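Subject: Structure for handover: ligand site, pockets and cavity

Hello,

Please find the structure below. My notes on the ligand and on the empty space in the protein follow it.

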Amino acid sequence: MAGLVSGKKALILGVANKRSIAWGIAQALHREGAALWFNYQNERLKEYVVDLAASLGGDIPLTGCDVTNTAQVEALFAAVEKRWGSLDILVHSLAFAPREALEGEFYTTTLEQWNTALEISAYSLVLCARLAKPLMERAGGGSIITLTYLGSSRAVKSYNLMGVAKAALEASVRYLAADLGPYNIRVNAVSAGPVKTLAAKGVAGFSSILKVVEEKAPLRRNVTQAEIGNVGLFLASDLASALTGGVIFADCGYNIVGV
Ligand code: NAP
């Protein structure tokens with residue numbers, strides 16, 4: 001039986017290790033028949049990505065690409081164009097803010113911290129979408145998926161600057177969706193509940209966030225990496241053909257809870 005994304009080509013940015021949300025999405029896309037391509041940010045992290053790609057079997061291209069280096073991002077998309085000719089799915093699952101900006105008080109944020117966080121966590125989506133557009137047009141359309149968090153619209157202790165970056169990211173999703181819709185390119189964000197990953201460790205008091213969600217979320221538990229993977233798969237597939245510009249929560253319902 002054909003998978004939900006059989007024959008589709010997916011570029012996945014943000015696999016750092018086996019706990020990465022991007023890895024959950026990659027496994028779901030692979031299971032349902034997509035061809036994958038990964039990036040790794042630098043040589044230090046390459047070996048993890050090489051091992052993970054090998055565990056899926058087949059020939060998965062890997063390219064070094066730091067999104068703060070525009071030439072590297074352009075080279076990545078040029079390599080995709082050369083090998084695949086077109087692209088159906090882009091998963092943008094990356095973010096960064098300096099650790100000092102993810103603790104204490106938000107008003108202490110410096111301009112340098114602000115620029116770093118907004119460039120890596122929000123602007124990079126715009127850059128990648130711009131470069132993905134011609135490749136997705138060739139495929140007759142495409143799906144761009146990014147990862148966000150509730151801290152974009154609520155003041156979550158210690159999330160601070162990353163909350164502002166996620167607000168910019170979600171606004172970018174809407175503007176990109178409006179621009180790219182006429183080309184049948186959909187752009188959506190998955191707002192994931194907390195998951196213990198490398199990036200999450202940077203947020204002060206992250207373990208207590210996991211505990212609160214377990215106590216208060218309607219489903220009384222935290223979301224799993226595999227469940228977020230399945231939401232990413234849904235958005236990438238033709239089942240979501242009418243969805244664009246949205247923020248889809250994968251958080252066991254925590255976002256609806258009041259007092
Ligand atoms: P992760 O495994 O640490 O993934 C973050 C990725 O961002 C890593 O692959 C990291 O690469 C990459 N990255 C950072 N700076 C980069 C740069 N300049 N160029 C290229 N890649 C860069 O953590 P994750 O939790 O899966 O994060 C993935 C996404 O999910 C992020 O947008 C995050 O904000 C979002 N999210 C996470 C949670 C959560 O609780 N974990 C909840 C909601 C949303 P390096 O490791 O090489 O730096």
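A polar contact here is a pair of N or O atoms within 3.5 Å. The contact between the ligand and Ala199 is such a pair, with an oxygen atom of the ligand 3.0 Å from a polar backbone atom of Ala199. Please keep in mind that this is a predicted model.

Ligand contacts

Two side chains also make polar contacts with the ligand. In Gln41, an N or O atom of the side chain is 2.4 Å from an oxygen atom of the ligand. In Lys166, a polar side-chain atom lies 2.8 Å from a ligand oxygen. On its own the ligand has 870 Å² of accessible area, and the protein covers 92% of that.

The shell

The ligand is surrounded by 29 residues. Ser20, Gln41, Leu45, Val195 and Thr197 are the closest of them. Sorted by class, the shell consists of 19 nonpolar, eight polar and two charged residues.

The largest pocket

Where is the ligand placed with respect to the pockets? The ligand sits in the largest pocket. Two elements give two or more residues to the shell around the ligand, namely strand E5 (142-148) and helix H6 (198-201). H6 gives the most to this shell, with three residues.

The largest pocket holds about 1200 Å³ of space. Its lining is made up of 42 residues, and Leu94, Ala95, Phe96, Leu198 and Ala199 lie nearest the centre of the pocket. Ala199 is thus both one of the residues nearest the pocket centre and a backbone contact of the ligand. The elements that give two or more residues to this lining are helix H1 (21-31), strand E2 (35-40), helix H2 (43-55), E5, helix H5 (160-180), H6 and helix H7 (206-216). H6 again gives the most, with three residues in the lining. By class, the lining divides into 27 nonpolar, eleven polar and four charged residues.

The second largest pocket

About 370 Å³ of space lies in the second largest pocket. The lining here comprises 17 residues, with Val156, Lys157, Ile209, Val212 and Tyr254 nearest the centre. Ten of the lining residues are nonpolar, four are polar and three are charged.

The cavity

How many cavities of 30 Å³ or more does the structure hold? There is one. The largest cavity has about 50 Å³ of space. Its lining is formed by Tyr149, Leu150, Ser191, Ala192, Gly193, Pro194, Val213, Phe249, Asp251 and Tyr254. Of these, seven are nonpolar, two polar and one charged. Tyr254 lines this cavity and is also among the residues nearest the centre of the second largest pocket.

Regards

How values were computed: Residues numbered from 1 in each chain as written. Predicted model: local features only at pLDDT ≥ 70, side-chain atom pairs only at ≥ 80, totals over all residues. Heavy atoms only, no water. Near = heavy atom within 4 Å. Polar contact = N/O pair within 3.5 Å; in protein donor to acceptor, adjacent residues only side chain to side chain. Areas by Shrake-Rupley, 256 points an atom, 1.4 Å probe, with all protein chains shown as cover. 1 Å grid on protein atoms, 1.4 Å probe; cavity = no way out; pocket = protein on both sides within 12 Å on 5 of 7 lines; lining within 4 Å. Sits in = over half its atoms within 2 Å of the grid points. Helix = DSSP H or I, 4+ residues; strand = E, 2+ residues; numbered from the N terminus. Nonpolar A, V, L, I, M, F, W, Y, C, P; charged D, E, K, R; others polar. Points joined across faces, edges and corners; volume = space filled by probe spheres on them.
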